[in-house]
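I had a free hour, so I opened this one up and kept notes as I went. Here are the entries in the order I looked things up.

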Amino acid sequence: MSNMAIHLYKTSTPSTRNGVVDSQVKSNPRNHLIYGQHHCGKGRNARGIITAGHRGGGHKRLYRKIDFRRNEKNIYGRIVTIEYDPNRNASICLIHYGDGEKKYILHPRGAIIGDTIVSGTEVPIKMGNALPLSAV
């Protein structure tokens, strides 16, 4: 059993009957790590007329800059928050690196707030660490 806080809903409607929310996942994105503008796509042509009638409006979504490259070599980072990302069905986590850098990465399974991660060639093999493909 992990030490994540699980919140069970009190059933009031059918949609909340079996609902479970991990209260550790919260969404307060940092402004320098998100970008994009809301534009009304959703099946509209150049004049803004709906041409695909079954496409709904949807909710405004801003893009989070995810660090897929993990170029911070041999600098330890600490997981500060685990957040919701509206553009993918994986959670993301905010990393504070030792040199003051802040970046988002995809949330490694089993990682909790306060864990340390590092990327490089000689790092230990554990969840959240990143090794180059040629290091094996």
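**Salt bridges**

I searched the whole structure for salt bridges and got three. Before reading anything into that, I noted that this is a predicted model.

I started with Asp67 and Lys103, whose side chains meet in a salt bridge at 4.0 Å, N to O. This pair links distant parts of the chain: Asp67 sits in the loop between β4 and β5, Lys103 sits in strand β7, and the two are 36 residues apart. I checked burial for both, and Asp67 is buried, as is Lys103.

Next I looked at Glu72, which also meets Lys103 in a salt bridge, here at 3.5 Å, N to O. Again distant parts of the chain are linked, with Glu72 in the loop between β4 and β5, Lys103 in strand β7, and their positions 31 residues apart. My polar-contact lookup returned the Glu72 and Lys103 side chains too, at 3.5 Å.

Buried or exposed, I asked of Glu72? It counts as buried because its relative accessibility is 10%, and the cut-off for buried is under 20%.

Putting these together, I wrote down Asp67, Glu72 and Lys103 as a network of salt bridges. A general reminder to myself: side chains of opposite charge can pair when their charged atoms come close.

The remaining entry was Arg88 with Asp85, where the closest N and O atoms are 2.6 Å apart. Asp85 has a relative accessible area of 0%, so I logged Asp85 as buried. Arg88 comes out at 22%, so Arg88 went down as partly exposed.

**The sheet**

I then traced the strands. Four of them form an open sheet in the order β7-β6-β5-β8, with antiparallel pairing. Which strands stand at the edges? They are β7 and β8 (116-117); each has a single partner strand, so one side of each is left without a neighbour in the sheet.

I zoomed in on β6 (residues 92-97) and β7 (residues 102-106), which pair in the antiparallel sense over five bridges. I picked Leu94 and looked up its bridge partner in β7, which is Tyr104. The hairpin of β6 and β7 has four residues between the strands, and there Gly100 takes a positive phi near 95°.

**The core**

How many residues make up the largest nonpolar core? I got eight in all: Ile79, Ile82, Cys93, Ile95, Tyr97, Ile105, Ala111 and Ile117. I sorted them by element, and those giving two or more residues are β5 and β6. The most comes from β6, with three residues.

**Thr81**

While on β5 I clicked on Thr81, which is found in that strand. Thr81 counts as buried because its relative accessibility is 4%. I looked for a partner for its side chain and found the side chain of Glu83, joined to Thr81 by a polar contact of 2.9 Å. Worth recalling here: in a regular strand the side chains alternate between the two faces of the sheet.

I also ran a C-alpha distance from Thr81 to Ile112, and got 8.7 Å in space for 31 residues in sequence.

**The outside**

Last, the surface. I found a nonpolar patch of about 390 Å², made by Tyr35, Tyr63, Phe68 and Leu106. Of these I looked further at Phe68, found in the loop between β4 (63-64) and β5 (77-83). Phe68 counts as exposed because its relative accessibility is 52%, and the cut-off for exposed is over 50%.

Where does His32 lie? I found His32 in the loop between β2 (20-22) and β3 (34-35). With 47% relative accessibility, His32 counts as partly exposed. I ran a C-alpha distance here as well: His32 and Lys65 are 8.9 Å apart in space and 33 residues apart in sequence.

**To keep from this session**

Lys103 of strand β7 is linked with Asp67 and Glu72 in a network of salt bridges. The β7 strand that carries Lys103 stands at an edge of the sheet. In the core, β6 gives the most, with three residues.

Key. Residues numbered from 1 in each chain as written. Predicted model: local features only at pLDDT ≥ 70, side-chain atom pairs only at ≥ 80, totals over all residues. Heavy atoms only, no water. Patch = residues over 30% accessible without salt bridge, like charges linked within 9 Å, V, L, I, M, F, W, Y side chains within 5 Å. Areas by Shrake-Rupley, 256 points an atom, 1.4 Å probe, with all protein chains shown as cover. Buried < 20%, exposed > 50% of the residue type's maximum accessible area, 1.4 Å probe, protein only. Polar contact = N/O pair within 3.5 Å; in protein donor to acceptor, adjacent residues only side chain to side chain. Pairing = 2+ DSSP bridges. Core = buried A, V, L, I, M, F, W, Y, C linked by side-chain atoms within 4.5 Å.
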